[in-house]
There are 2 protein chains.
Amino acid sequence: MDAKTDIAGYMRGLAEAAREAARAMAAASTAAKDAALAAMAAALQAREGEILAANAEDLAAGRAAGLDDALLDRLELNPQRVAAMAEGLRQIAALPDPVGEVTQLRVRPSGIRVGRMRVPLGVVGIIYESRPNVTADAAGLCLKAGNAAILRGGSEAIRSNRAIAACIRQGLAEAGLPQAAVQVVETTDRAAVGELVRMEGLVDLVVPRGGKGLIERVTAEARVPVLKHLHGICHVYIDDRADPDKAVAIADNAKTHRYGVCNAMETLLVAEGIAPRVLPALAARYREKGVELRGCARTRAILPDVRPATEADWDTEYLAPILSIRVVAGIDEAIAHIARHGSGHTDAIVTEDYGRAWRFLREVDSSSVMVNASTRFADGFEYGLGAEIGISTDKLHARGPVGLEGLTTQKYIVLGDGHVRV
Amino acid sequence: MDAKTDIAGYMRGLAEAAREAARAMAAASTAAKDAALAAMAAALQAREGEILAANAEDLAAGRAAGLDDALLDRLELNPQRVAAMAEGLRQIAALPDPVGEVTQLRVRPSGIRVGRMRVPLGVVGIIYESRPNVTADAAGLCLKAGNAAILRGGSEAIRSNRAIAACIRQGLAEAGLPQAAVQVVETTDRAAVGELVRMEGLVDLVVPRGGKGLIERVTAEARVPVLKHLHGICHVYIDDRADPDKAVAIADNAKTHRYGVCNAMETLLVAEGIAPRVLPALAARYREKGVELRGCARTRAILPDVRPATEADWDTEYLAPILSIRVVAGIDEAIAHIARHGSGHTDAIVTEDYGRAWRFLREVDSSSVMVNASTRFADGFEYGLGAEIGISTDKLHARGPVGLEGLTTQKYIVLGDGHVRV
């Protein structure tokens, strides 16, 4: 099949091979899957030279095409990054196998036993951008969860991804698992993405990992389910019953621990009763770290140097050392602000008040809701998932950081002994 | 707003009101929700006369429009059916409230406590056909799960649905809950469905309840998540290590207990080693009940009177007293047949063999997989869900019979004491 001329046929071929492999993967033992992960890790390190040579070609082509430095940095592999990929696969091997777990097995009045068994989703497509390490990472997670994966990386990383895919195939072969359990899309034609996300019945889930443009395009075109993460406009609300020291520490950390990440705070809400006490201390910390502040009128009454925030600020994910600050009357106004301007990602309250803490936890409709903790904790590793395929801001299936469990589903099992319905 | 001329604006208005109501519903107490359900039930019975009068108008209009008898029967209400609606609401009130349950709350090495809290989905749209009792049923389930519901019934039942909606509003008012928590679409224009399923960000889930045509249309047009049930081609596989008496009882029950239901068996698979022993006994039972049999060549070698099955039979959901029978070499061929021809709804094995039972449970990729039990058990009530909004053959979010839990989602909660990320 010529991938260049018949994208639809090529993608359908991949998906049909994946479907077939998915049946074998669902039945594969934990030992076989872990052996494959270990063999992949070993192959990555043994074939480091090949991978770095392929990567050097990608980098050269990228420079020639005028890619910017940030993109080139994400694209670049080196011995440390190859070692990190291998280590990531070994960590996935060490996680408990989610497949086969039976929960809630109960006897019903009819005498049947009904429970739920965790099983793989089937065929999972991952669409990502320049970082080639996602190839190993996503392959490892899909494999451990018993799925067949179709990986579509960025065209600028195609040579690196092919070299990594060769190591993955070697690992599959050594463990006796089907080659089609992990397939890398070999064409850089953008139409391949459109085909992948429209193969209902063949592809069970698509996970776009990348910038807003990629995710919006996939969502608009998809006919298969998409696990997506649109954006993170995260809030910290400092209640007037907050401990001021905890409030300052959390609001500082949530903004300044890292700027370009989805779980960084973008808007700080402060109860008017505590604003005069915490804002000056916070402003000093932010100033020291070079964070630009934008505030409402009441904020500026306390911090006159702060530039005025516009309506657009409340809806902006800066991903930068910029913070908007709003003084609110109290928890009602804070919850209403988050409902209107938040993105359903992660929001935190700082308070010592028991009732308000629980009210915030119940009423704020975000994938992670926190009390007295920094929004930066919203992360698969911090939550104990072991690894993360992404953070979902959808409500269905998986919400928040998504690990192995999000790459599986549950079916009902019924155990009888000749039972019929009367 | 004129619903007849501005369907898009009208539907957006409903959805915005529902979104607002959903916030209040998410915070509503179990007591308030149960009081509303009880008040709705009382109103349905108190206003039975109004409901039956409205229903009589629907029936007269339906007869004039030439609706067939089956449709008119589904449309018809009588005092027993009104009482059953009220009883259904009382049963929903008696179910445990799924909202607010916190599970898996664990301390992480950083010191934060991470758990998952069950919360409502938000705004749920239900699209259904002629049965007006779905109006009460779906409203009750959505309300108990803390959602706001937008209900779009069949145009032939519009007067009945309006009368039932009046009782629902009365119940909401008596319990102090917002009127927009349950809204019935007042226009019969088909464009309303298209609008409802495309309001991303305002509608969190759409559940189509009805025939294949409705579900296919909704799926094709939807931009919001859809909980769907396409069709049920259910199998029973009689293994050669089956107890013949259990096998005959289960295969009889799975086919003949009710014919027009999605969990009825449509294809019987029998291992060649046991076929001569069980097929004659089964054929006698089916003949007695007037079930038409269609068989493969090996079936017809044992039952010469059976007409030949065509390839199309293996892919057909008869919903009628017709059964296709295939003799297979053993469990491998049975699992392969189900993977190729099944619809992922419900499949059962009859066997006394421990290893084969577990293999079938693991490898058959259907929403319900059973050992030694009739496929007819695949049902929300039989599984102990208390009530059912439908059976999902999707893999994501909810799979199999869907009760209150499928109308909710889980968010992460994080409890700290001033914790910041290092």
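## A short tour, starting at a cavity

The largest cavity in this predicted model has a lining of two nonpolar, five polar and one charged residues. To see that lining, select A:R152, A:G153, A:G154, A:S155, A:I158, A:V185, A:T187 and A:T188. The space inside comes to about 40 Å³. You won't need to hunt for others of 30 Å³ or more: a search of the whole structure finds one cavity of that size.

**Next stop: a hairpin in chain A**

Select residues 102–107 of chain A, which make up strand β1, and then residues 113–120, which make up strand β2. These two strands run antiparallel and are joined by four bridges. Click on A:V102, and across from it in β2(A) you will find A:M117. Now follow the chain through the turn: five residues separate β1(A) and β2(A) in this hairpin, and one of the turn residues, A:G111, has a positive phi of about 105°.

**Zoom out: the domains of chain A**

Try colouring 7–227 together with 402–414 as domain 1, and 234–377 as domain 2, following the domain assignment of chain A. How far apart do the C-alpha centres of these two domains of chain A lie? They are 37 Å apart.

**Last stop: a histidine in chain B**

Move to chain B and select B:H345, in the loop between α13 (331–341) and β12 (346–350). Is B:H345 buried or exposed? With a relative accessible area of 0%, B:H345 is buried, because anything under 20% counts as buried. To see some of its surroundings, show its contacts beyond four places in sequence, including B:H229, B:H231, B:C234, B:C262, B:N263 and B:T393. Three serines, B:S366, B:S367 and B:S368, are also among the contacts of B:H345.

Definitions and conventions:
Residues are numbered from 1 along each chain as its sequence is written. Chains are lettered from A and ligands numbered from 1 in the order in which they are written. This is a predicted model: local features need pLDDT of at least 70, side-chain atom pairs count only at pLDDT 80 or more; totals for chains, interfaces and linings use all residues. Side-chain values use heavy atoms; hydrogens and water are left out. Buried means under 20% relative accessible area, exposed over 50%, partly exposed in between (1.4 Å probe, protein chains only). Contact means heavy atoms within 4.5 Å. Two strands pair if DSSP finds at least two bridges between them. Domain bounds come from an automatic or database domain assignment. On a 1 Å grid over the protein atoms alone, a cavity is a set of points where a 1.4 Å probe fits but cannot get out, and a pocket is an open set with protein on both sides within 12 Å along at least five of seven lines; lining residues have an atom within 4 Å of a point. Grid points are joined across faces, edges and corners, and a volume is the space filled by probe spheres set on the points. Ala, Val, Leu, Ile, Met, Phe, Trp, Tyr, Cys and Pro count as nonpolar, Asp, Glu, Lys and Arg as charged, and the others, Gly among them, as polar.
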